[in-house]
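Student: I would like to go through this structure with you and ask, for each label, what justifies it.

Tutor: Gladly; let us take the labels in turn and set each one against its criterion.

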Amino acid sequence: MRLDNAKILISDDSILARKQLKDFYFQKYGTPNLFFEASNGQDAIDIYKKEKPDLSFLDIVMPVKDGNAAIREIIDFDKDAEIIIVSSVGTQSQLRSAIEAGAKDFIQKPLNPEQLHSILTSRFEGR
């Protein structure tokens, strides 16, 4: 997958967190085909099923359904979903649950651009 030509889902209950992630992405990779935003886990699931984005960023703590529940439902729908957790909540049990549910990686908030760039290029360069 080319990062500059991807459909991206960003799910976080914080408007600021969604904006920061989008701004970083624009600066590093240009404008993707489409950005989708969700403010809760259920919206993330619904958008994923409708749009099937190439890459999804999910927070763990969100209203309606949390990130781990959203991951499980998305993976049930698409076992190849590329999901990266971006969260300030970093307990071992929550992170382990996210990875076991199908998340591919984890980025701690506040967003570290170098870490995000490293994860994205290592996972998707050359695809």
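Tutor: A starting point is strand 5, where F106 is the bridge partner of I85. Please keep in mind that this is a predicted model.

Student: What makes strand 4 and strand 5 a pair?

Tutor: Two strands pair if at least two bridges are found between them, and four bridges join strand 4 to strand 5, which run parallel; the criterion is therefore met.

Student: How do you know that strand 3 pairs with strand 4 (residues 83–87)?

Tutor: There are three bridges between strand 3 and strand 4, in the parallel sense, and since the criterion asks for at least two, they count as a pair. In this pairing I85 of strand 4 is the bridge partner of L58. The chain passes from strand 3 to strand 4 by way of helix 3 (residues 67–77), in a β-α-β crossover that is right-handed.

Student: What is the strand order of the open sheet, and why do some strands count as edges?

Tutor: The five strands of this open sheet have the order 2-1-3-4-5, with parallel pairing. Strand 2 (34–38) and strand 5 (105–108) each have a single partner strand, so one side of each is left without a neighbour in the sheet, and they stand at its edges. On average, neighbouring strands of the sheet are turned by 20° against each other, direction ignored.

Student: Why is S11 called buried?

Tutor: Buried means under 20% relative accessible area; the value for S11 is 2%, so S11 is buried. S11 is found in strand 1, and its bridge partner in strand 3 is L58. Leaving aside neighbours within four places in sequence, the residues in contact with S11 include A38, N40, A44, F57 and M62.

Student: Why is Q115, by contrast, called partly exposed?

Tutor: The relative accessibility of Q115 is 30%, and partly exposed covers what lies between the 20% limit for buried and the 50% limit for exposed, so the label follows. Q115 is found in helix 5 and, not counting residues up to four places away in sequence, touches F106, I107 and Q108.

Student: How do you know that the length of helix 5 (residues 113–124) agrees with what is expected of it?

Tutor: At 1.5 Å a residue, its 12 residues should span 16 Å, and because the C-alpha atoms at its ends are 16 Å apart, the two values agree. At the start of helix 5, a side-chain oxygen of N112 comes to within 2.9 Å of the backbone nitrogen of E114. The buried residues of helix 5 are L116, I119, L120, T121 and F124, and what covers them includes helix 1 (15–29), strand 3, strand 4 and strand 5.

Student: What makes the approach of D66 to N68 at the start of helix 3 a polar contact?

Tutor: A side-chain oxygen of D66 reaches to within 3.1 Å of the backbone nitrogen of N68, and the cut-off for such a pair of N or O atoms is 3.5 Å, so the distance qualifies. Among the buried residues of helix 3 are G67, N68 and I71, and their cover includes helix 2, strand 3, strand 4 and helix 4 (92–101).

Student: Which way do the residues of strand 3 (residues 55–58) point?

Tutor: L55 and F57 point one way, S56 and L58 the other way, and all are buried. In a regular strand the side chains alternate between the two faces of the sheet.

Note on methods:
Residues numbered from 1 in each chain as written. Predicted model: local features only at pLDDT ≥ 70, side-chain atom pairs only at ≥ 80, totals over all residues. Heavy atoms only, no water. Buried < 20%, exposed > 50% of the residue type's maximum accessible area, 1.4 Å probe, protein only. Right-handed = clockwise from strand over helix to strand, strands pointing away. Contact = heavy atoms within 4.5 Å. Axes fitted to C-alpha atoms, helices over the stretch in contact; angles between N-to-C directions. Expected span 1.5 Å × (residues − 1). Polar contact = N/O pair within 3.5 Å; in protein donor to acceptor, adjacent residues only side chain to side chain.
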